[in-house]
Amino acid sequence: MPPRQPVVLIADALSPATVAALGDGFDVRHCDGTDRAVLLAAVADADALMVRSDTRVDAEVLAAAPRLRVVARAGTGLDTIDVRAATAAGVMVVTAPTANLVSAAELTVGLLLAAARHIPQAHQALREGEWERSRFTGTELAGKTVGVLGLGRVGVLVAHRLAAFGMQVIAHDPYVSVGRAAQLGVRMVDLDTLLTTADVITVHLPRTPETRGLVGAEELRRVKPSVLLVNASRGGIVDEVALHAALKEGRVAAAGVDVFADEPCPDSPLLDLDTVVATPHLGASTHEAQEKAGLAVARSVVQALAGELVPDAVNVHGGLVAEAIRPSIGLTEKLGRVFTAVAGGVAQSLDVEVRGEIADHDVKVLELAALKGVFDEVVEEPVSYVNVPLVAAERGTACRLVVERESPDHRNLVTLRGTLADGRQVAVGGTVVHGRERLVEVDGYDVDLALAEHLAFFVHRDRPGMVGTVGGILGEAGVNIAGMQVARRTPGGDVLVVLEVDSALDGCLLHEIALATESSRACAVHLP
């Protein structure tokens with residue numbers, strides 16, 4: 001009897017070239033992933049599951065697939081895949097992070113041109129028998145200033161394309177160094193300068209608790225009334241209600257929108273405005289992008305099932321890692337996220353210090369895990385263990401791995417210690433105790449707190465009543481405190497407060513607490 005071939009289940013429509021790229025040696029099967037009962041039955045024998053955007057891969061699907069080793073999403077988004085459940089089940093999740101970069105950048109430029117020249121409106125009027133040239137007088141881009149919010153890969157491509165139109169390019173991205181931006185011919189500015197200076201604003205940021213509603217009512221009151229705003233990145237970064245009001249009141253001239261906070265959204269009030277050019281999330285919808293995505297994930301599936309390094313794995317390292325190291329991988333990724341939140345900017349240099357018994361092993365993967373955590377919510381595209389050194393280099397971050405066998409206070413300890421462009425130094429440290437991840441240091445303050453899903457950090461002067469003040473504000477907002485630690489070096493000096501809360505703290509709530517406690521630093525982090 002011939003040996004069993006690995007089963008690759010394709011649950012969404014993929015191109016014939018994608019199937020061909022799998023090659024021989026696989027039992028390729030197809031099913032309708034939108035039919036839940038069919039999917040659950042078909043996935044029982046699958047070693048690999050390939051999907052696009054229609055099939056939802058959640059904990060129920062993963063539980064029904066005991067043989068599953070890899071889920072491959074032929075695209076960049078992860079909103080239809082429960083990555084946390086997949087990681088817990090030991091299932092690798094791969095995407096095609098670079099497949100749609102050019103398509104997304106080109107759509108951004110297309111939306112901008114359409115909004116600037118009223119192209120869809122003029123087309124519709126002409127179809128209706130009208131010939132009103134003066135009604136559709138537009139705006140030239142040459143000589144204007146474009147403000148790019150988020151200088152990741154798509155943001156850079158858009159900047160290059162608009163510079164070719166004769167535009168001056170400025171950008172705001174706290175995680176890109178001034179030197180790196182200068183190499184790209186882009187001038188870095190703060191958010192307020194971008195809002196008040198730009199003739200065009202284009203958004204290229206990941207959607208995180210920190211960026212959600214970043215361009216809201218207050219920000220839209222500071223822009224030029226002639227500004228053109230484009231969002232082909234992620235829905236929810238631009239407050240759609242505030243944008244609708246600004247457009248109706250003439251405080252924003254026009255907008256190009258490809259993404260919405262809730263999708264699909266055929267009833268968005270933005271669609272009622274003649275000053276809006278809208279598309280139904282078409283950033284990756286080109287034949288070229290779909291083909292590149294399919295071919296990329298086919299290669300990843302072949303690599304994963306062969307036990308090889310998988311460059312585009314987003315949740316686990318695709319190579320051999322010593323068993324003793326594995327518990328520290330997730331810890332180090334989370335420390336990277338905490339570091340980014342506490343630092344609030346890009347580190348020019350980052351030391352990943354590994355101490356204790358695990359130093360006897362090859363811990364290179366922990367350096368990659370740290371960088372992945374640092375940049376996970378900083379860049380728009382998914383970050384993997386293979387592409388993250390390039391991501392760090394693009395943002396001017398030099399990383400060094402420091403390994404020492406001696407660890408006086410903990411059996412094993414991982415510390416991330418970085419220096420920012422303004423000279424500030426930031427450090428966070430953690431350990432794993434009986435399988436549980438613990439945060440044990442923040443900027444020289446000794447703490448001992450579980451690395452829970454939602455954490456917040458505040459630094460303020462030591463004085464009575466502050467704990468009650470914070471608790472009162474969170475109570476008013478309906479946010480429950482699951483744990484709190486207060487650490488100080490000397491009485492009357494600065495105090496670090498670390499909160500574990502049951503739900504994410506948005507920017508407004510953080511700002512309110514910071515004002516009430518006169519905090520010099522306030523931030524929150526989500527740890528999936």
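Before I show you the loops, let me say that helices, when I number them, are DSSP runs of H or I with at least four residues, counted from the N terminus. Please also keep in mind that what we have in front of us is a predicted model.

I will begin with the overall division of the chain, where the domain assignment gives domain 1 as 7-96 together with 288-306, domain 2 as 100-278, and domain 3 as 323-526. Between the C-alpha centres of domain 1 and domain 2 there is a distance of 34 Å.

Now to the backbone, and here a general point helps: most residues other than glycine have a negative phi, and most peptide bonds are trans.

With that in mind, please look at His 118, which sits in the loop between α5 (101-117) and α6 (119-127), and which has a positive phi of about 55° although it is not a glycine. Is His 118 buried or partly exposed? His 118 counts as partly exposed, because its relative accessible area is 23% and buried would require a value under 20%.

Further along the chain we come to Asp 443, placed in the loop between β17 (436-442) and β18 (445-450), where phi is again positive, near 50°, in a residue other than glycine. Asp 443, however, has a relative accessibility of 12%, and therefore counts as buried.

Finally, which peptide bond is cis? That is the bond from Glu 263 to Pro 264, whose omega is near -5°, and Pro 264 itself can be found in the loop that runs between β11 (254-257) and β12 (276-278).

Note on methods. Residues are numbered from 1 along each chain as its sequence is written. This is a predicted model: local features need pLDDT of at least 70, side-chain atom pairs count only at pLDDT 80 or more; totals for chains, interfaces and linings use all residues. Side-chain values use heavy atoms; hydrogens and water are left out. Domain bounds come from an automatic or database domain assignment. Helices (H or I, at least four residues) and strands (E, at least two) are DSSP runs, numbered from the N terminus. Buried means under 20% relative accessible area, exposed over 50%, partly exposed in between (1.4 Å probe, protein chains only).
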